[in-house]
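Let's take a walk through this one, going from the inside of a chain out to its partner. Keep the viewer open as you read.

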Amino acid sequence: MLRANNLLVRRGSRTVLANIDIQLRPGEVLGVLGPNGAGKSTLLAALCGELPTSEGRVSLDERPLADWPGQERARRLAVLPQSSSLNFAFSVNEVVAMGRLPHASGRVRDGEIVAEALSAADALHLAGRSYLALSGGERQRVHLARVLAQLWPGAEGQTLLLDEPTSMLDPLHQHTILQAVRDFAERGAAVLVILHDLNLAARYCDQLLLLQQGLPHAYGPPAEVLTAEALAAVYGLEVLIHQHPERGHPLIIAR
Amino acid sequence: MTAIFRPRPTLIGLLLLLVLVFWLSLALGPVSLPLGDTLLAGMRLLGLPLDGGDTQQAELILGQIRLPRSLLGIAVGSVLALSGVAMQGLFRNPLADPGLVGVSGGAALGAALAIVGGSLLGGVPPAVEPYLLSVSAFAGGLIVTAVVYRFGRRNGQTDVATLLLAGVAMTAMAGAGVGLFTYLADDATLRTLTFWNLGSLNGASYPRLWPLLIVTVGVALWLPRRAAALNAMLLGESEARHLGFDIERIKLELVLCTALGVGAAVAAAGLIGFIGLVVPHLMRLLVGPDHRVLLPASLLAGASLLLLADLAARLLLAPAELPIGIVTALIGAPFFLYLLVRGRS
């Protein structure tokens with residue numbers, strides 16, 4: 001289980017993140033919301049050890065993150081960055097197979113996992129194509145398949161961190177991808193996902209963390225976090241909150 | 001644009017090409033040796049007591065001149081190509097050149113120091129001269145690369161963008177040093193310096209060959225162990241870290257392999273451009289970007305291409321000889337431009 005206690009991150013003399021106490025529980029999807037510059041990506045970078053924390057600590061299974069040997073950590077923790085700079089003509093299969101590098105599960109099993117992960121990200125039909133020939137949204141799905149393959153099939157004790165995995169996707173794929181992430185969590189993994197779309201967050205996340213200028217404004221189930229007052233305070237956005245007629249989760253409508 | 005050929009047959013094809021080019025480079029020259037004589041003399045040099053014609057002359061030419069020269073060509077070509085793969089992986093740019101971290105510039109400065117400095121001090125004993133040149137060039141390459149690497153380090157991490165810029169700056173400084181020595185040199189020294197800067201396999205000898213051969217074998221054994229890490233690096237440094245690789249260590253190893261490999265190659269044969277840039281690029285078109293195939297393919301193709309360039313250098317104006325750097329630049333530069341144009345369309 002990935003846990004952050006009393007996290008504080010400074011850049012120069014400026015505090016960009018403070019008072020963060022979260023834990024990513026098995027089987028749960030935690031959504032992180034907040035305006036641009038609220039510290040969402042900083043939080044993700046601190047949680048995966050990319051950014052040193054000024055105070056507080058991040059631990060994976062009760063052991064400080066920095067103490068984990070690289071490969072062992074990579075089998076428990078996978079990270080999807082906001083964008084990728086891959087500029088070489090790997091095939092889609094090869095890109096996703098890189099997710100299997102920390103494992104020694106053999107070529108046959110890896111091949112099966114690559115196909116299953118691609119299928120989960122609705123990208124199996126791209127398998128033989130060159131990565132460079134794909135559109136932005138297709139590339140995003142391929143990278144999601146890569147991090148899914150890194151933890152496949154997903155089990156308790158594994159953690160997946162996703163930075164805006166739906167930013168370039170069409171409306172249908174925003175739902176299929178987040179449903180795939182949900183399914184992944186239901187097999188036992190813990191997931192943290194940064195999102196901008198409040199309605200997607202309301203529908204697919206179990207817990208939400210609403211950040212404002214590096215501080216947690218609210219942390220809890222969607223129905224408690226997504227209130228008209230909170231959204232007005234954090235985003236300066238006037239909204240109406242309804243209930244989804246079929247699913248019951250909050251439905252956010254801008255006024 | 002993934003691999004257009006299957007990896008294994010391509011590697012076998014490249015190996016056969018190298019064998020063919022190796023034989024041509026042994027057989028052709030001012031004195032052409034028939035295939036039979038080359039084979040027979042080669043066998044006898046290996047100590048096989050074979051009957052047949054008189055191959056004494058062939059044995060002499062082969063053993064003393066052509067064999068060390070061809071082996072030098074193989075070593076220089078393969079280590080330059082491997083270093084090119086390492087640098088293109090490090091900078092995640094298919095157009096990176098092994099000279100980017102300053103090793104070529106530094107080696108040129110070391111060589112200029114040895115050539116001109118030696119003559120200014122009233123000459124060094126002829127027995128020491130070739131070694132002094134090689135050692136000085138090798139040391140120059142290592143020292144300048146170490147300085148560049150030092151500039152790229154910050155907070156325990158290596159920033160490759162800073163590394164690149166520091167490499168450009170240090171190469172310029174080394175160039176200024178070479179310019180200064182050129183200015184100070186007398187006519188005879190100037191000629192030596194110029195020829196050295198153009199590169200040549202001429203005058204290859206076993207004492208010059210061994211150090212380079214050892215470095216080449218070391219690099220050729222080490223880099224493939226890092227093939228998976230190099231693949232992951234192409235995704236991005238943080239992605240590779242999240243896949244469990246110790247990226248800072250890998251970056252150091254890549255810079256070290258390049259400094260040793262290019263330094264030793266330049267020390268043995270002077271500045272030979274474009275092999276390290278063009279060969280990995282060409283092989284990526286043939287076998288794709290997977291380093292598990294790309295590294296051996298580049299090794300084989302680099303060796304073949306350098307031997308071919310050397311054949312052209314010594315046959316085009318025979319009995320006179322062109323510096324090989326001119327040939328590789330003449331072939332490499334237009335090809336590079338072609339790749340640029342092709343990449344744009």
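How many residues of domain 1 of chain B are in contact with domain 2 of chain B? Bear in mind that this is a predicted model. The count is 15 residues from domain 1 of chain B, in contact with 15 residues of domain 2 of chain B. On the domain 1 side of that boundary, two elements each give two or more residues: α7 (187-198) and α9 of chain B. The top contributor is α9(B), which gives four residues. As for chemistry, the domain 1 side splits into ten nonpolar residues, four polar and one charged.

To place those domains along the chain, domain 1 of chain B covers 95-265 and domain 2 covers 272-345. Their C-alpha centres sit 19 Å apart.

Now have a look at helix α13 of chain B, residues 291-315. Its 25 residues reach 35 Å from the first C-alpha to the last, close to the 36 Å expected at 1.5 Å a residue. Of those 25 residues, 20 are buried, so α13(B) is largely enclosed by the rest of the structure.

Finally, step out to the other chain. Here 20 residues of chain B are in contact with 23 residues of chain A. On the chain B side, the elements giving two or more residues are α9 (227-235) and α10 (237-242). Once again α9(B) gives the most, this time with five residues. The chain B side that touches chain A breaks down into nine nonpolar, seven polar and four charged residues. So if you're picking a helix to colour, α9(B) gives the most both to the side of chain B that touches chain A and to the side of domain 1 that touches domain 2.

Definitions and conventions: Residues are numbered from 1 along each chain as its sequence is written. Chains are lettered from A and ligands numbered from 1 in the order in which they are written. This is a predicted model: local features need pLDDT of at least 70, side-chain atom pairs count only at pLDDT 80 or more; totals for chains, interfaces and linings use all residues. Two residues are in contact if their C-beta atoms, placed from the backbone, lie within 7 Å. Ala, Val, Leu, Ile, Met, Phe, Trp, Tyr, Cys and Pro count as nonpolar, Asp, Glu, Lys and Arg as charged, and the others, Gly among them, as polar. The expected span of a helix is 1.5 Å times one less than its number of residues. A residue is buried if 20 or more other C-beta atoms lie within 10 Å of its own, exposed if 12 or fewer, and partly exposed in between; C-beta atoms are placed from the backbone. Domain bounds come from an automatic or database domain assignment.
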